Amino acid sequence: MQTQVEILKGKKTNVYGYYDGMLGKTFVVNKGDIINLRFTNSLQQATNIHWHGLIIPPEMDGFPSHVTGPGGTFKYQFSINQRAGTYWYHPHPDGLTAEQVMKGLAGFFIIRDEEEAALKLPTGDSEIAFVIQDRRFKNSGDFDYAPTDEEIMTGFFGDYILVNGAYSPYKDVKAGWNRLRIINGSNARLYNLAFSNEQEFFVIGSDAGLLTVPESVKNILLSPGERVDLLVDFTQEVNKEIFLQSETFNGGGVQGKDAFRIMKFKAGPKTNETFTLPNTLSAITKINPSSATKIRTFDISNASMHGEKKMSMDQKEKNKMKMGMHTINGIAYDANVINETITAGATEIWEFDNSKGDEIHPMHFHGNHFQFLERIGGRGKLIATEKGWKDTVLLMPGEKVKVITAFSQFKGKYVLHCHNLEHEDSGMMLNFEIV
Ligand SMILES: [Cu+2]
């Protein structure tokens, strides 16, 4: 529903939320649970819910043309049959996703299972889930979202960083081990996450649950749609303030040039709690590339829209062409076309090619998880979050990435798209049907 909240002091912002206020309820469920939700759309426009990272039947997945109109209702019913992890939900209507997410529609969907519980990871006050988003504000206090053509090309960036819908947030934490589950829920902005005291932290999980082993890092890049699950030890930070910030990074085209703060943690007094980082986290069976029956290549460079052609179009031509400003394999999204047909259960390698591109594209699969095989060009290697099960793959300009998956047994239509939401809404999406 639409409500007003105070994000900036003394100003009211009209937001959308899955109940009251911005964002939505955090679901915490167990593997094996059955979900039954009655969804009512009290907005003035059609919408739906995509359960990002859940492996559920296509009719429950929020297919772009499968929407609930104003005043309408829909029953989301599905069972949870997948590994523990930090998943989320947000709208996915054809052409309106960016605007609806920007206005506040997004929420957490956390799955727990026995494998994870056995690790006794920090929980309670020491398990903190937050979504990072950037926004622009009008003087009135409302969100300012009217992307220009140039902003549709790069993605839309806000100059205010919100965490769980709050501006300039801080959180009291224990001066011990903390588990942070972080979603990048921004339309287009990447964050190169690090702590202001430059301390190391441990990546323990990614889009679809735990890694096999913790990996120590000092920063981790998180693109729109991706999640990171990390452990950080604030034992040395008794009564101190630590900022989570985004550091500069290379190779990101228009992004990565500035460092900025995201949120503040205030560590409390010394605690007696002890925690030992586990040596191993989870069992992940690697899919053997030789078991793949098909290799599909997706050109996401959008090279035809760059350089002279883009510049030579006049404003009218560009406006007419919002749909089609981004493509996959040169084809703009059409809800009625099946672009790829896949046999249920088939193992396939999908190769994303941004080698000629000059934009950042976080590509996201619905209804299936995948494993990374390799990255060629650009950064030339895999980062910590890419060593577990994933649903989103980041391609910087100049990069090519191969992923592998055994497709699910759920038959029907799903989408593959860029999770830069301006790119998605301007055509960078395709339908694949599992038969
Ligand atoms: Cu993109």
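The paragraphs below move from the metal site to a sheet, the annotated domains and two pockets of this predicted model.

The copper ion is held by three protein donors, namely ND1 of His 361, SG of Cys 418 and ND1 of His 423, which lie 2.0 Å from the ion. Read along the chain, these donors of the copper ion follow the spacing H-x56-C-x4-H. Cys 418 has a relative accessible area of 0% and is therefore buried, since buried means under 20% relative accessible area. The relative accessibility of His 423 is likewise 0%, so this donor also counts as buried.

Elsewhere, seven strands make up an open sheet with mixed pairing, and their order across the sheet is E11-E10-E9-E13-E18-E15-E16. The sheet is bounded by strand E11 (166-167) and strand E16 (209-217), the edge strands, each of which pairs on one side only. Within the sheet, strand E15 (residues 201-206) runs antiparallel to strand E18 (residues 227-233), and three bridges join the two. Phe 202, for instance, has Leu 231 of E18 as its bridge partner.

An unreviewed UniProt entry places the feature "domain: Plastocyanin-like" at residues 3-115, 179-238 and 312-433. Over residues 3-115 the chain is 7% helix and 35% strand, and the C-alpha atoms at the ends of this span lie 40 Å apart. Residues 179-238, by contrast, are 0% helix and 60% strand, with 17 Å between the end C-alpha atoms.

We turn now from the chain to the space around it. Rolling a probe the size of a water molecule over the atoms shows where empty space is left. The largest pocket has a volume of about 390 Å³, and of the 19 residues that line it, Tyr 18, Tyr 19, Arg 38, Phe 39 and Thr 40 lie nearest its centre. Strand E4 (residues 34-40) contributes the largest share of this lining, with four residues. Sorted by class, the lining of the largest pocket comprises twelve nonpolar, five polar and two charged residues.

The second largest pocket holds about 300 Å³ of space. This pocket is lined by 17 residues, of which Lys 286, Phe 372, Glu 386, Lys 387 and Gly 388 are the closest to its centre. Both E16 and strand E25 (371-376) supply at least two residues of the lining, and E16 gives the most to it, with four residues. Strand E16 thus appears in two settings, as an edge strand of the open sheet and as a contributor to the lining of the second largest pocket. By class, that lining has ten nonpolar, three polar and four charged residues.

Notes
Residues are numbered from 1 along each chain as its sequence is written. This is a predicted model: local features need pLDDT of at least 70, side-chain atom pairs count only at pLDDT 80 or more; totals for chains, interfaces and linings use all residues. Side-chain values use heavy atoms; hydrogens and water are left out. Donors are N, O and S atoms within 2.8 Å of the metal (3.2 Å for Na, K and Ca); water is not among the atoms, so sites may look incomplete. Buried means under 20% relative accessible area, exposed over 50%, partly exposed in between (1.4 Å probe, protein chains only). Two strands pair if DSSP finds at least two bridges between them. UniProt positions are given in the numbering used here, feature names are shortened, and annotations may be inferred rather than shown by experiment. On a 1 Å grid over the protein atoms alone, a cavity is a set of points where a 1.4 Å probe fits but cannot get out, and a pocket is an open set with protein on both sides within 12 Å along at least five of seven lines; lining residues have an atom within 4 Å of a point. Grid points are joined across faces, edges and corners, and a volume is the space filled by probe spheres set on the points. Ala, Val, Leu, Ile, Met, Phe, Trp, Tyr, Cys and Pro count as nonpolar, Asp, Glu, Lys and Arg as charged, and the others, Gly among them, as polar.
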